[in-house]
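Let's take a walk through this protein together, beginning with its charged pairs and then moving on to its nonpolar parts. Have the viewer open as you read.

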Amino acid sequence: MSISATYQEIVSQPVAWAAALSAVTQQASSLTDTCHSAEFDQVLFTGCGSTYYLATAAAALFQTLSGQASRAVPGGELLLYPETTLSSATERPTLLVAISRSGTTTETVSAVGQFKAQQRGPVIVITNYGDSPLALLGDVVVAIPEGQEESVAQTRSFASMYVAVSAVACHLTQHTDALSAMAALPAVGQRLIATYEPLAKQWGQSLDLDRFYFLGSGPRYGLACEVNLKMKEMTLTHSEPFHFLEFRHGPMSMVTDSAAIIGLLSDTQREHEAAVLTEMAQLGGRVLTLGETNADIAFDSGLPESIRNVLYLPILQLIAYYRAIAKQLDPDHPTHLTAVVELDFSF
Ligand code: F1P
């Protein structure tokens with residue numbers, strides 16, 4: 001049996017992380033020229049599906065680093081309901097960061113075209129295809145062709161764009177030490193994959209688990225949403241993402257001994273996050289923790305918390321991959337899905 005494209009893409013992704021960092025370095029002066037002077041009303045991140053979840057994670061990180069009001073909005077919502085996102089009460093521009101693996105998703109391309117037609121502000125594009133329609137709309141384009149992949153479900157592409165947007169955030173907010181520290185990420189990623197792939201395989205092959213809950217907060221919530229989507233797309237399993245403390249407000253009623261609760265633990269709020277997991281284990285749930293230290297999957301990176309969130313992705317992607325194989329599904333071709341959604345929009 002040929003080795004799955006998805007598997008190859010997951011285990012090779014640290015190479016694409018390094019390429020992402022190089023791509024941002026190449027655009028450093030353009031980024032500074034485009035964004036240094038303007039006092040923005042807000043910073044908006046947009047994408048669709050996986051890349052909307054990336055936008056969600058990126059907005060939380062950018063506001064954390066900059067103090068600037070930042071938010072994420074799905075491409076389709078920015079296109080259809082711009083008035084719910086863009087203020088008409090200000091003359092100050094909005095910085096829009098548009099994220100797309102393909103650079104051809106109709107909602108994202110159309111929303112950015114509309115944003116530019118209304119002269120709302122500058123656009124940074126982050127994509128794996130530098131010659132795509134979306135890239136042509138960017139004032140600055142960070143392209144990472146090394147993140148391109150055959151599979152429909154985003155893994156290597158997502159992580160490459162997430163590393164890129166994290167590096168852009170560090171650059172624009174002058175967090176130069178954190179940006180420099182990112183150079184260590186690919187080696188840490190390779191070590192994590194080598195160390196924890198057996199654990200991922202064991203969890204993936206545990207078909208007695210019939211539901212997955214991914215808990216993440218702050219800059220990690222968007223990543224919880226993304227790994228949740230991998231579980232859905234690749235394995236057709238009931239799964240949902242939640243902010244840690246939100247899980248007590250109803251969803252915990254779903255916890256049984258066939259429920260997996262996956263915690264993307266932080267350093268800063270570890271006590272409160274771990275308390276939720278302890279309670280869910282007491283209810284019979286099967287808990288798996290990821291974090292810098294004292295976790296089932298421990299990064300031991302020594303890197304600043306702000307720039308190491310990509311480390312949560314590879315092992316959780318591998319769990320979804322191994323579960324798909326155990327369920328005799330094809331992770332390279334998820335049910336009903338295509339790699340890009342292109343609509344016949346008359347806008
Ligand atoms: C986004 C997208 C997602 C979907 C899947 C494949 O495309 O189609 O909507 O969840 O992950 O990618 P893109 O705009 O990032 O190319």
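How many salt bridges does the count come to? The model you are looking at is predicted, and in it the count comes to twelve salt bridges. Side chains of opposite charge can pair when their charged atoms come close.

A good one to find is the pair D41 and R92, whose side chains meet in a salt bridge at 3.5 Å, N to O. D41 sits in the loop between α3 (28-35) and β1 (42-47), while R92 is in the loop between α5 and β3 (94-100), so this pair ties together parts that are 51 residues apart in sequence. With a relative accessibility of 40%, R92 counts as partly exposed.

Next, look for R101 and E149, where the closest N and O atoms of the salt bridge are 2.8 Å apart. Here R101 belongs to the loop between β3 and α6 (106-117) and E149 to the loop between β5 (140-143) and α8, so parts 48 residues apart in sequence are tied together. Are these two residues buried or exposed? Both R101 and E149 are buried.

K116 and D139 form another salt bridge, with 3.4 Å between the closest N and O atoms. This pair links distant parts of the chain, with K116 in helix α6 and D139 in the loop between α7 (133-137) and β5, 23 residues apart. K116 is partly exposed, at a relative accessible area of 28%, and D139 is partly exposed too, at 43%. Elsewhere, salt bridges that share partners join D267, E292, E305 and R308 into one network.

Now for the nonpolar interior. The largest nonpolar core has 83 residues, and those with the most contacts inside it are I124 and I126. Helix α8 (residues 156-172) gives this core its largest share, twelve residues. Leaving aside residues up to four places away in sequence, I124 touches L31, C35, L95, L96, V97, A98, V140, V168 and L172. Another core, of 14 residues, lies apart from that one and includes L78, L86, V109 and F115.

Finally, turn to the surface. L80, Y81, V341, L343 and F345 make a nonpolar patch there of about 430 Å². Of these residues, L80 lies in helix α5 (residues 75-80). Why can L80 be part of a surface patch? Patch residues need over 30% relative accessible area, and L80 is partly exposed, with 44%, so L80 passes that cut-off.

Methods. Residues numbered from 1 in each chain as written. Predicted model: local features only at pLDDT ≥ 70, side-chain atom pairs only at ≥ 80, totals over all residues. Heavy atoms only, no water. Patch = residues over 30% accessible without salt bridge, like charges linked within 9 Å, V, L, I, M, F, W, Y side chains within 5 Å. Areas by Shrake-Rupley, 256 points an atom, 1.4 Å probe, with all protein chains shown as cover. Salt bridge = Lys/Arg side-chain N within 4 Å of Asp/Glu carboxyl O. Helix = DSSP H or I, 4+ residues; strand = E, 2+ residues; numbered from the N terminus. Buried < 20%, exposed > 50% of the residue type's maximum accessible area, 1.4 Å probe, protein only. Core = buried A, V, L, I, M, F, W, Y, C linked by side-chain atoms within 4.5 Å. Contact = heavy atoms within 4.5 Å.
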